[in-house]
Amino acid sequence: MMTNLKSYVVWDGPTRWFHWINVVCVLALAVLGTAILYSEDLGVTDDGKILLKTTHVWFGYVFAVNLGWRVAWAFFGNRQARWSAIFPFRPGCGTAFRTYVRGLIRGDGRPYLGHNPVARLMVSLLVLLLVVQAVTGLVLAGTDIYYPPFGYWFANWVAAPGVDPWALVPYDKTGIDAASWDAMRAFRSPFVTVHYWNFYALLFLIVIHIVGVVVTELREGGGLVSAMFTGRKVFDREPVDDV
């Protein structure tokens with residue numbers, strides 16, 4: 001039997017570019033971060049650790065700039081790229097969430113043009129965790145290898161009197177005031193903890209996100225995965241345009 005398929009423009013170009021750049025960065029950062037975490041077990045030298053952290057930081061810069069761009073684009077992008085299509089805080093979102101879940105369980109839920117109510121919650125949590133990871137990562141880049149944007153401030157904090165902060169070298173205590181170093185490391189500690197556990201929370205949510213994409217594709221169709229390449233979804237029935 002022939003079905004009437006209709007194509008809908010959903011994701012604009014900048015949104016799609018953000019998504020795939022973010023995928024590459026998160027994968028690279030996860031691999032490098034794991035190598036750093038287990039560097040002692042892997043027998044990595046101090047020079048090797050500096051190289052790993054430097055590479056990690058540069059990927060982190062791309063990740064942070066890309067994330068910042070997406071946050072800004074949510075004010076200027078197309079209807080499906082804006083905050084109104086992402087955050088699940090509007091009146092009626094709770095009812096829409098319950099209705100969607102019930103329909104999903106029964107197998108008769110209507111497809112959504114953009115993010116469905118469950119996806120809105122997932123994307124909001126992912127954005128929050130990505131921002132936390134970016135901010136804590138930038139702080140750690142400053143404390144570990146004195147990289148911008150906070151590196152000079154931390155170097156100036158730990159430099160001994162009369163020592164040029166720019167002269168400090170990562171993993172070298174020459175020119176460092178011991179008391180200031182201990183105070184800086186104490187300040188750094190909670191950022192390490194948040195960065196560490198937030199990493200695992202992100203991995204967990206990413207797995208749930210992938211499972212959700214597969215389930216939605218199987219239950220609703222629409223070409224959810226291909227839409228992140230083409231920007232278009234294709235349905236044989238009218239989707240919900242909940243923006």
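Modeller: Let's start with contact, which means heavy atoms within 4.5 Å. Leu130 touches Asn22, Val26, Phe63, Leu67 and Leu202, leaving out residues up to four places away in sequence.

Colleague: Before going on, what kind of model is this?

Modeller: It's a predicted model, where local features need pLDDT of at least 70 and side-chain atom pairs count only at pLDDT 80 or more, while totals for chains, interfaces and linings use all residues. Numbering runs from 1 along each chain as its sequence is written, and side-chain values use heavy atoms, with hydrogens and water left out.

Colleague: How many helices and strands does the protein have?

Modeller: Both are DSSP runs numbered from the N terminus: helices are H or I with at least four residues, strands are E with at least two. Here you get 8 helices and 2 strands, and along the sequence they read β-α-α-α-α-α-α-α-α-β. The radius of gyration is 22 Å, well over the 18 Å from the globule rule for 243 residues, so the protein is more spread out than a compact globule. That radius is taken over C-alpha atoms, and the rule is 2.2 Å times the number of residues to the power 0.38.

Colleague: What does the C-alpha trace span along its principal axes?

Modeller: About 80 × 35 × 30 Å. Also, among contacts with a separation of 6 or more, 70% are between residues 24 or more positions apart.

Colleague: What share of the residues is buried?

Modeller: Buried means under 20% relative accessible area, exposed means over 50%, and partly exposed sits in between (1.4 Å probe, protein chains only). By that cut, 41% of the 243 residues are buried. The protein exposes about 13800 Å², with carbon and sulfur atoms supplying 70% of it; those areas come from the Shrake-Rupley method with a 1.4 Å probe.

Colleague: And the charges: how many positive and negative side chains are there?

Modeller: Lys and Arg count as positive, Asp and Glu as negative, with His and the chain ends not counted. The protein has 20 positive and 17 negative side chains, and the centres of the two sets lie 14 Å apart. Each charge is placed at NZ of Lys, CZ of Arg, CG of Asp or CD of Glu.

Colleague: Back to Leu130. Which residues touch the most other members of the largest nonpolar core?

Modeller: The general idea is that in soluble globular proteins, nonpolar side chains tend to be buried together. A nonpolar core is a set of buried Ala, Val, Leu, Ile, Met, Phe, Trp, Tyr and Cys residues joined through side-chain atoms within 4.5 Å. In this model the largest one has 13 residues, and Phe63, Leu67, Leu126, Leu130, Leu202 and Leu205 touch the most other members. Two or more residues each come from helix 1 (13–37), helix 3 (46–73), helix 5 (117–145) and helix 7 (178–220). Helix 5 gives the most, with 5 residues. Apart from this core lies another of 10 residues, including Val139, Leu168, Ile176 and Trp181.

Colleague: Now backbone oddities. Which peptide bond is cis?

Modeller: As a baseline, most residues other than glycine have a negative phi, and most peptide bonds are trans. The bond from Pro148 to Pro149 is cis, with omega near 5°. Pro149 lies in the loop between helix 5 and helix 6 (151–158). Tyr146 is in the loop between helix 5 and helix 6 too, and has a positive phi of about 60° although it is not a glycine.

Colleague: Is Tyr146 buried or exposed?

Modeller: Tyr146 counts as buried, at 13% relative accessibility. Now look at Tyr171, in the loop between helix 6 and helix 7. Tyr171 has a positive phi of about 65°, and is partly exposed, with a relative accessible area of 38%.

Colleague: Where does Ala74 lie?

Modeller: In the loop between helix 3 and helix 4 (93–106). Ala74 is buried at 2% relative accessible area, and beyond its neighbours within four places in sequence it contacts Ala81, Arg82 and Trp83.

Colleague: One more: what does Glu217 touch?

Modeller: Glu217, in helix 7, touches Gly222, Gly223, Leu224 and Val225, not counting residues up to four places away in sequence. Glu217 is partly exposed, at 25% relative accessible area. Its C-alpha and that of Pro111 are separated by 9.7 Å, though the two are 106 residues apart along the chain.
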